[in-house]
Amino acid sequence: MLSDSLRAVILGIVEGITEFLPVSSTGHMLLVKRFFGLGEGAFWDSFVVLIQLGAILAIVVIYFAKLWKIALGMFSNPDDRRFVIGVLIAFLPAVIIGLIAGKYIKEVLFNPWVVCFSLIVGGAILLWVDQIDHNPHEHDATKFPLLTYLWIGVAQCLAMIPGVSRSGASIVAAMLLGADKRAAAEFSFFLAIPTMIGAFAYDFYKNRAEMTSDHLGTVAIGFVVSFVVAMIVVKAFLGYVTRRGFTLFAWWRVVVGTLGLIALAMGR
């Protein structure tokens, strides 16, 4: 039996690697818990949400100068204010759908069969989008048209289905709407900040009674590990997709989803 600290480290690594790649961190967490017996129970269900804040903090650190400039300028600079409004517009659809259907989605769709099929279908879509000629005309994630921000937010709602991938859905939508690969990836990072902070706050409040001092220590370990790993992954990811695109991640999804279906069919 693994100690809680070691489980926290392993899940923190999985979270840090997968949160910003278009491969579905939620889907990978569910499969890891199912096939490797890591983190069964109500606390661990909350744990995987709470440590996402560590990955989000990595984005804040990496883009601190840009985010700070926008924060200072949003009341005086029209461009900065417009970007903040754009992020809020993109964030709003997930809030609405989450409040309306969040409980149903968790009860019905959070199972490994859905995850595996979603990984495979999403991988095929990502492979297709990566290979078509977009002729991109949007090269700055802070200057997309407001309607583009809205449609990206609508697409992000699909990621409530485990295995779809929040970053994957927003990246695909941004590219289909004219963004280049780097700008699409960067906006998925920015959109993650309010989305995951909201999920963190809601889950922490809902499960605050379960957070004993021992649990807080375990969450802290996962938080730090996911932060460090995400810092490394995000920096490498941007450079990689700018040069080579998303094909590697599309096949990653297909392979993981296929192996998962085989394991489930064998009764695992």
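**Exercise 1. Work out whether Cys116 and Cys157 are buried or exposed, then look for disulfides.**

Start with Cys116: its relative accessible area is 0%, so Cys116 is buried (buried means under 20% relative accessible area, exposed over 50%, partly exposed in between, with a 1.4 Å probe and protein chains only). Next comes Cys157, which is buried too, with a relative accessible area of 14%. Now for the bonds. A disulfide is a covalent bond between the sulfur atoms of two cysteines. Searching the whole structure with the cut-off for a disulfide (a pair of cysteine sulfur atoms within 2.5 Å) turns up 0 of them.

Before going on, a word on what you're looking at. This is a predicted model, where local features need pLDDT of at least 70, side-chain atom pairs count only at pLDDT 80 or more, and totals for chains, interfaces and linings use all residues. Residues are numbered from 1 along each chain as its sequence is written, and side-chain values use heavy atoms, with hydrogens and water left out.

**Exercise 2. Say how many helices and strands the protein has, and check its radius of gyration against the globule rule.**

Count the elements: there are 12 helices and 0 strands (helices are DSSP runs of H or I with at least four residues, strands are runs of E with at least two, and both are numbered from the N terminus). Then take the radius of gyration, which is computed over C-alpha atoms; the globule rule is 2.2 Å times the number of residues to the power 0.38. For 268 residues, a compact globule would come out near 18 Å, and the protein has 18 Å, so the two agree. Along the principal axes, the C-alpha atoms fill a box of roughly 55 × 40 × 35 Å. As for burial, 48% of the 268 residues count as buried. Finally, look at contacts (heavy atoms within 4.5 Å): among those between residues at least 6 apart in sequence, 83% join residues at least 24 apart.

**Exercise 3. Find out how many residues of α9 and of α3 are buried.**

Take helix α9, residues 166–176: 10 of its 11 residues are buried, so α9 is largely enclosed by the rest of the structure. Among them are Arg166, Ile171, Val172 and Met175. Just past α9 sits Gly178, with a positive phi near 110 degrees. Now turn to helix α3, residues 42–50, which is mostly covered, with 7 of its 9 residues buried. The buried ones include Phe43, Trp44 and Phe47.

**Exercise 4. Explain what stands out about phi in Ser24 and Ser165.**

Here's the background: most residues other than glycine have a negative phi. Ser24 isn't a glycine, yet its phi is positive, about 80 degrees. You'll find Ser24 in the loop between α1 (4–18) and α2 (25–36), and at 3% relative accessibility it counts as buried. Ser165 also has a positive phi, near 95 degrees, and is a residue other than glycine. Ser165 belongs to the loop between α8 (146–156) and α9; with a relative accessible area of 3%, Ser165 is buried.

**Exercise 5. Locate Trp251 and state how far it is from Leu126.**

First, place Trp251: it is part of helix α12, residues 247–265. Second, check its cover: a relative accessible area of 46% makes Trp251 partly exposed. Third, compare sequence with space. Trp251 and Leu126 are 125 residues apart in sequence, but their C-alpha atoms are 9.1 Å apart.
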